[in-house]
Amino acid sequence: MSEAIACGLMAQRFRSYLPVVVDLETGGFNSEHNAILEIAAVTLTMDAEGNLTPESTYAFHVEPFAGASVEQSALDFTGIKLDDPLRRQVAVSEAEALGEIFRPVRKSIKAHGCTRAILVGHNSAFDHGFLNAAVNRCGIKRNPFHPFSSFDTASLAGLMYGQTVLARACRAAGIEFSNSEAHSARYDTERTAELFCAMVNRYKEIGGWAQAQREQGMEEKP
């Protein structure tokens, strides 16, 4: 099977959407007022057999936007230290972080024959809300992500494994998970990407996707 046909499988599998896994660490729960402190994204690819795998990770420490609120409870939970000298050296603005993530996402959308990205996240509504708020603050006109649809791995893992907590869902899927490394955007995104791929591939292995394709084909016949 040629690379072009293999890439086309992604578009077939997700209705021309490209799943991109995203995780954000924030200064609270209010997307309009609390700062984004870390953001990471993992692009996915698909092999000639239709198996989904993580491709590339893009992760950034983010400077709080002007006037942003950062709650101490959020810092205590994530372990982020805003005054860490190393963090200060590498932190970038929201606009720069989004630009550095959106560029490869757009490239991957094109490479896989898709029309738009769709956010994959663990409790995805939270990350999606913060991402959309940042896009609006930065005045970005070409957001590659669908504005409101997403894939939530917490819901999917509840269905597949009876687990909704990321660490427990990963372990149920046979994915190693370190509690000491959790709550880093990079680490959580990479584990979420592995979990999403494991669930999609397992569904394919048991014939679910093939059966869905057959049934759809039967319905479309005149």
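A nonpolar core is a set of buried Ala, Val, Leu, Ile, Met, Phe, Trp, Tyr and Cys residues joined through side-chain atoms within 4.5 Å. The model examined here is predicted. Its largest nonpolar core holds 39 residues. Within this core, M10, F14, V20, I39, L44, L52 and F145 touch the most other members. Helices and strands both contribute. At least two core residues come from each of the helices α1 (3–13), α4 (94–111), α5 (124–138) and α8. The strands β1 (17–26), β2 (36–46) and β4 (116–121) likewise supply at least two each. A second core is separate and has 11 residues, including F177, Y187, L195 and M199. In soluble globular proteins, nonpolar side chains tend to be buried together.

V20 illustrates the packing of the largest core. Leaving aside residues up to four places away in sequence, V20 touches A41 and V42. Its contacts also include V105 and F145. A run of further partners is formed by A117, I118, L119 and V120.

Salt bridges were examined next. The structure holds 5 of them. Side chains of opposite charge can pair when their charged atoms come close. One of the bridges joins E94 to R137, with the closest N and O atoms 2.6 Å apart. E94 belongs to helix α4 and R137 to helix α5, so this pair ties together parts that lie 43 residues apart in sequence. The two partners differ in accessibility. E94 has a relative accessible area of 7%, which is under 20%, so it counts as buried. R137 is partly exposed, at 29% relative accessibility.

Two further bridges lie within helix α8. R186 and E190 meet through their side chains at 3.7 Å, N to O. These residues are 4 apart in the helix, so about one helical turn separates R186 from E190. R186 is partly exposed at 40% relative accessibility. E190 is also partly exposed, with a relative accessible area of 22%. The other bridge pairs E205 with R202, and their closest N and O atoms are 3.3 Å apart. Here the spacing is 3 residues, again about one turn of the helix. E205 has a relative accessible area of 56%, over the 50% limit, and is therefore exposed. R202 is partly exposed, its relative accessible area being 40%.

The geometry of α8 was checked against its length. The helix runs over residues 185–205, 21 residues in total. At 1.5 Å a residue, α8 should span 30 Å. Its end C-alpha atoms are 30 Å apart, so the model agrees with the expected span. After α8 comes G207, with a positive phi near 90 degrees.

Helix α6 (residues 153–161) has three buried residues: T153, A154 and A157. They cover an arc of only 100 degrees around the axis, so they sit on the same side of α6. The elements covering these buried residues include the strands β4 and β5 (145–152). The helices α7 (166–172) and α8 are also among them. At the start of α6, a side-chain oxygen of D152 comes to within 3.2 Å of the backbone nitrogen of A154. A154 is thus both one of the buried residues of α6 and the partner of D152 in this contact. Beyond the helix, α6 is followed by G162, whose phi is positive, near 70 degrees.

Definitions and conventions:
Residues are numbered from 1 along each chain as its sequence is written. This is a predicted model: local features need pLDDT of at least 70, side-chain atom pairs count only at pLDDT 80 or more; totals for chains, interfaces and linings use all residues. Side-chain values use heavy atoms; hydrogens and water are left out. The expected span of a helix is 1.5 Å times one less than its number of residues. Buried means under 20% relative accessible area, exposed over 50%, partly exposed in between (1.4 Å probe, protein chains only). Contact means heavy atoms within 4.5 Å. A salt bridge is a side-chain nitrogen of Lys or Arg within 4 Å of a carboxyl oxygen of Asp or Glu. The arc is that of the directions from the helix axis to the C-beta atoms. A polar contact is a pair of N or O atoms within 3.5 Å; within protein, one must be able to donate a hydrogen and the other to accept it, and residues adjacent in sequence count only if both atoms are side-chain atoms.
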